[in-house]
Amino acid sequence: MAARALFAGLAAVLLLASAVRADTTPSPLVLLRATVIDATGAAPRPDQAVVVQGDRIVAVGPSERIALPPGARAIDAHGRYLIPGLWDLHVHVLRRERWRAHFPLLVAQGVVGVRDMGGDYPMDRVRRLRAEIDSGARIAPRFLAAGPFVDGPWPSLPRLSRVVANPAEARAVVGALKREGFDFVKVYNRLPREAFLAIADESRRVGLPLAGHVPFSVSAREASRAGMRSIEHQFNVAFACSSREDELMRMKAQALAADESGERRRLRRAYLTGVLDSFDAARCAALYADFARNGTALVPTLVQRRDFSGVAPPALSDEERAYVPAGERGGWDPGQDARLQGSAPEDREIERRFWERDRALVAPMQAAGVLLLAGTDGGDPYTVPGFSLHDELAELVVAGLTPMQALQAATRNAARFLGTPDDFGTIEAGRRADLVLLRADPLADIRHTREIEAVMRGGRWLDRADLDHLLAQARSAAGSP
């Protein structure tokens with residue numbers, strides 16, 4: 001099923017999530033003399049005017065040819081670069097009360113939309129939060145919400161999961177998530193094979209998109225063919241590029257079931273090394289063709305993978321740490337994180353090589369026509385929302401994407417994935433007025449997406465002073481001075 005049809009319900013959610021309104025009849029706003037990088041793939045256009053009325057872009061063209069509408073507010077953007085507002089397609093901010101710090105932080109970092117990939121926030125609170133955003137009472141990104149993870153017996157994260165053991169329970173959970181109003185189904189690691197296939201079938205039947213981790217019981221190819229709309233963290237993708245895929249997937253399942261930690265480590269070392277040593281480019285090419293044909297997007301989350309690969313200890317600046325909620329900061333200490341401690345040098349080297357193998361898959365997927373999406377795991381250690389998205393764009397360029405392709409992963413591709421390509425994601429007449437004004441050219445250096453001078457969120461102009469106020473609000477909500 002095409003992404004547009006499958007995401008019809010999500011399109012309705014996004015279209016209803018109207019812009020923050022300063023008043024009922026806002027005056028037009030015109031950005032003059034900006035260099036527009038519209039994310040369509042076109043070359044930058046200098047000396048452009050962008051006219052905004054309400055929450056929409058109504059005109060884009062050379063500054064000397066655009067007449068200012070009566071009563072328009074004009075902003076001189078000479079020497080500045082205008083890009084579409086950014087989306088992070090994999091965050092965890094609807095957990096506990098993280099959003100209180102992270103929503104203002106995201107907007108201040110130019111992130112105008114997110115897809116929350118699983119948390120413990122009840123749907124009644126989600127609805128109230130959306131109502132506050134839609135009314136203009138709260139400045140925040142638009143968001144989509146998965147709700148709890150759907151996992152099998154002995155779930156990886158019991159507190160955050162709904163557990164299913166068989167196809168009947170799987171179908172019932174999908175129906176419940178649909179009735180409760182969540183936007184898609186997030187599947188997780190330990191789903192039994194038949195339960196996963198039942199979820200895929202029921203999700204397709206009720207029109208609720210399916211995304212998440214590829215469970216250990218199925219291959220990435222099978223998940224794509226079953227209708228999985230996005231695969232997070234490239235789960236099982238490298239396995240599907242191996243000439244020993246079936247054998248190594250069985251070994252992975254044995255490691256999961258092992259009672260003794262030493263045996264788990266031995267099996268993990270063996271199957272990761274096996275994947276690295278049996279890479280088959282032809283199998284990879286066939287897999288990418290399947291992804292492209294089936295409309296399966298990939299969310300590499302390279303920053304998350306990097307931080308747990310052993311390449312370098314995760315490190316947060318003092319500025320970033322100030323936005324981590326005080327009650328969670330203990331979990332962001334690498335020195336106390338069991339996932340990062342106690343591994344042998346041999347294991348760290350294997351993890352590093354596996355991360356580099358995953359990173360090397362990104363550019364060939366792009367070339368094969370697979371839809372790549374920028375996502376970060378933002379909100380979980382060690383990915384501070386907003387900051388981590390800019391890091392992810394830089395990692396995508398290191399992985400072989402051009403700066404334009406990396407930018408599109410957080411703009412145009414997000415709109416295409418959600419089935420609303422005519423609503424947002426590019427700077428064109430008729431699109432939502434979600435914009436970021438930069439002091440430097442991101443196509444010359446993708447790290448310049450951090451050089452934010454102003455943000456327009458749904459037609460509301462937030463200058464540097466406004467953004468600094470949002471940052472102060474985020475620090476206060478996180479319990480920082």
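Contact is taken here as heavy atoms within 4.5 Å. The structure is a predicted model, and the description below starts from helix H5.

The buried residues of H5 pack against four elements: strand S9 (149–151), strand S10 (161–163), strand S11 (185–187) and helix H6 (193–206). The buried positions in H5 are Ala170, Val173, Val174, Gly175, Ala176 and Leu177. An α-helix has 3.6 residues a turn, so residues three or four places apart point the same way. Helix H5 covers residues 167–180, and its 14 residues should span 20 Å at 1.5 Å a residue; the end C-alpha atoms are 20 Å apart, in agreement with this value. At the N-terminal end, H5 is capped by Asn166, a side-chain oxygen of which lies 3.1 Å from the backbone nitrogen of Ala168. After H5 comes Gly181, with a positive phi near 100°.

The nonpolar residues were examined next. In soluble globular proteins, nonpolar side chains tend to be buried together. The largest nonpolar core of the model has 122 residues, and Phe103, Ile199 and Phe291 are those with the most contacts inside it. Helix H3 (residues 99–108) gives the most to this core, contributing six residues. With neighbours within four places in sequence left aside, Phe103 is in contact with Val93, Leu94, Leu129, Ile133, Ala140, Pro141 and Phe143. A second core, separate from the largest, has 17 residues, among them Ala34, Ile57, Ile75 and Ala433.

The model contains one disulfide. This bond joins Cys241 to Cys284, with an S to S distance of 1.8 Å. The link of Cys241 and Cys284 is right-handed, with 90° about the S-S bond. Distant parts of the chain are connected in this way: Cys241 lies in the loop between helix H8 (237–240) and helix H9 (245–257), whereas Cys284 belongs to helix H11 (residues 281–294), and the two are 43 residues apart. Burial is assigned below 20% relative accessible area. Cys241 has a relative accessible area of 0% and is therefore buried; Cys284, with 3%, is buried as well.

A further buried site is found in helix H16 (residues 387–398), where His390 is placed. His390 has a relative accessibility of 1% and so counts as buried. A polar atom of the His390 side chain lies 2.9 Å from the backbone oxygen of Gln109. Not counting residues up to four places away in sequence, His390 touches Leu86, Gln109, Thr449, Arg450 and Ile452. Gln109 thus appears both among the residues touched by His390 and as the source of the backbone oxygen in the 2.9 Å pair.

Technical notes
Residues are numbered from 1 along each chain as its sequence is written. This is a predicted model: local features need pLDDT of at least 70, side-chain atom pairs count only at pLDDT 80 or more; totals for chains, interfaces and linings use all residues. Side-chain values use heavy atoms; hydrogens and water are left out. The expected span of a helix is 1.5 Å times one less than its number of residues. Buried means under 20% relative accessible area, exposed over 50%, partly exposed in between (1.4 Å probe, protein chains only). A polar contact is a pair of N or O atoms within 3.5 Å; within protein, one must be able to donate a hydrogen and the other to accept it, and residues adjacent in sequence count only if both atoms are side-chain atoms. A disulfide is a pair of cysteine sulfur atoms within 2.5 Å. A nonpolar core is a set of buried Ala, Val, Leu, Ile, Met, Phe, Trp, Tyr and Cys residues joined through side-chain atoms within 4.5 Å.
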